[in-house]
Amino acid sequence: MWNLINNLLGSKAKELSPPEKLFDTVNLTYTCNHETMTSILNNYFVSIGKKLGSTIPSPNISSYPTVCSGPEQSFVLHETFTEEVIAVINSLIESKSTRKNDVPIHILKLCKNVLSPFLEQIFNLCIKGGIYPQSLKCAEVVPIHKGGQKDVCTNYRPISLLSPINKILEKLIYNRLYSYIEQNKMFSTDQYGFRSGMSTSLAVYGMHENLLQSAKYGLTTCAVFCDLSKAFDTTDHDILLWKLGTFYGIRAVVLNLFSAAPPFSNFRLFHAP
């Protein structure tokens, strides 16, 4: 659908080639050296989340409830099995990019019957031990030009390429967590994105119905739309992990698994070819 819309609007795909030059905010000069440009972009991507996060007022920790208000029964992350690993491998999209030294997805699919028993053992060790391999979360980051001047680092956004093996493990955990949250009705009834059978078009429909109801009874409607800048990067992980343990029953070894991913500063930046 988006290909059709972009063709009708004349939109072009974002260029993946590195810029010819980039402004160095430290030396206050332009550089054409690829290693220097890589460092400039990497430093920007690593620091922008913390920089914006520091402008957000700190929450009042003392107002947080000290008694767990989540489900009494903790979330149990069940081990996987070979057939499930094969099913997840089959669901991987072959056209998705991978890191340069990773096994291509189509090769992974060809070897799935041989590799799956070994991956099953590795994944189950991760689940039982609450350990997420750092090598799986090390991303090759490709800077994509958003718009504006190409020699300004703020006009680029990072696209992280992760290992296909990591995608399999993430999918296994995601399936279990999503099912747990759905079964315990923990999703807000007003959350439409990232949910099965709940598209953003339904959110528009719901808003339309509210507007009609307000107009019917002569009421005034006011809407506030917020676009959060770098919302993912500025998320406080300590607060997020606290909420998972307090309100969602994700505790002990499972919570350790969720918090085991290395920080963004461990990511490496590579130029697109």
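## Two rings to start with

Let's begin with Trp242, which has a relative accessible area of 26% and so counts as partly exposed, since that label covers the range from 20% to 50%. Phe247 falls into that class too: its relative accessible area is 29%, so it is partly exposed. We'll come back to this pair further down. One thing to keep in mind as you look around: what you have here is a predicted model.

## The whole chain

How many helices and strands does the protein have? There are nine helices and five strands. If you walk along the sequence, they turn up in the pattern α-β-β-α-α-α-α-β-β-α-α-α-α-β.

The protein has 273 residues, and 31% of them count as buried. Now take the contacts between residues at least 6 apart in sequence: 68% of these join residues at least 24 apart.

## Where H5 meets H6

Helix H5 covers residues 112-129 and helix H6 covers residues 164-183. Their axes are 11 Å apart, and the two helices pack at an angle of about 55°. That angle makes H5 oblique to H6, because it falls neither under 35 degrees, where helices count as roughly parallel, nor between 65 and 115, where they count as roughly perpendicular. The crossing of H5 past H6 is right-handed.

Which residues make the contact? On the H5 side you'll find Leu119, Phe123 and Cys126, and on the H6 side Ile165, Ile168, Leu169 and Leu172. Sorted by class, the contact of H5 with H6 has seven nonpolar residues, with no polar and no charged ones.

## Where H3 meets H5

H5 has another partner to look at: helix H3, residues 82-91. The axes of H3 and H5 come within 8 Å, and they cross at roughly 115°. That makes H3 roughly perpendicular to H5. The crossing of H3 and H5 is right-handed.

From H3, the contact uses Thr82, Val85, Ile86, Ile89 and Asn90. From H5, it uses Lys112, Asn113, Ser116, Pro117, Leu119, Glu120 and Phe123. The mix here is six nonpolar, four polar and two charged residues. Leu119 and Phe123 are worth a second look: they are listed in the contact of H5 with H6, and they are listed in the contact of H3 with H5 as well.

## Zooming in on Ser116

Ser116 is one of the residues of helix H5. Is Ser116 buried or exposed? Its relative accessible area is 0%, so Ser116 is buried.

What is Ser116 in contact with, if you leave aside its neighbours within four places in sequence? The partners are Thr82, Val85, Ile86 and Ile89. Those four residues belong to the H3 side of the contact between H3 and H5.

## Rings that pair up

Aromatic rings count as a pair if their centres lie within 6.5 Å. By this rule the count comes to six aromatic pairs. One of them is Phe75 with Tyr180: the ring centres are 4.7 Å apart and the planes sit at 40°, so the pair is tilted. Phe75 lies in the loop between helix H2 (34-53) and H3, while Tyr180 is in helix H6, so this pair ties together parts that are 105 residues apart in sequence. Both Phe75 and Tyr180 are buried.

Now back to Trp242 and Phe247. Their ring centres are 5.4 Å apart and their planes are at 85°, so this pair is edge-to-face. There's an aromatic cluster to find too, formed by Tyr174, Tyr178 and Phe187.

## Stops along the loops

Thr55 is in the loop between H2 and H3. With a relative accessibility of 59%, Thr55 counts as exposed. Try finding Thr234 from there: the two residues are 179 apart along the chain, and their C-alpha atoms are separated by 9.8 Å.

The loop between H6 and helix H7 (200-216) is home to Lys185. Lys185 has a positive phi of about 50°, although it is not a glycine. At 73% relative accessibility, Lys185 counts as exposed. Phe194 is also in the loop between H6 and H7. The phi of Phe194 is near 60°, again a positive value in a residue other than glycine. Phe194 has a relative accessible area of 79%, so it is exposed.

Methods: Residues are numbered from 1 along each chain as its sequence is written. This is a predicted model: local features need pLDDT of at least 70, side-chain atom pairs count only at pLDDT 80 or more; totals for chains, interfaces and linings use all residues. Side-chain values use heavy atoms; hydrogens and water are left out. Axes are lines fitted to C-alpha atoms, for helices over the stretch in contact, and angles run from 0 to 180 degrees between N-to-C directions. Angles under 35 degrees count as roughly parallel, over 145 as roughly antiparallel, 65 to 115 as roughly perpendicular and the rest as oblique. A crossing is left-handed if the near helix is turned anticlockwise from the far one by less than a right angle, and right-handed if clockwise. Contact means heavy atoms within 4.5 Å. Ala, Val, Leu, Ile, Met, Phe, Trp, Tyr, Cys and Pro count as nonpolar, Asp, Glu, Lys and Arg as charged, and the others, Gly among them, as polar. Rings of Phe, Tyr and Trp (its six-membered ring) pair if their centres lie within 6.5 Å; planes under 30 degrees apart count as stacked, over 60 as edge-to-face and the rest as tilted. Buried means under 20% relative accessible area, exposed over 50%, partly exposed in between (1.4 Å probe, protein chains only).
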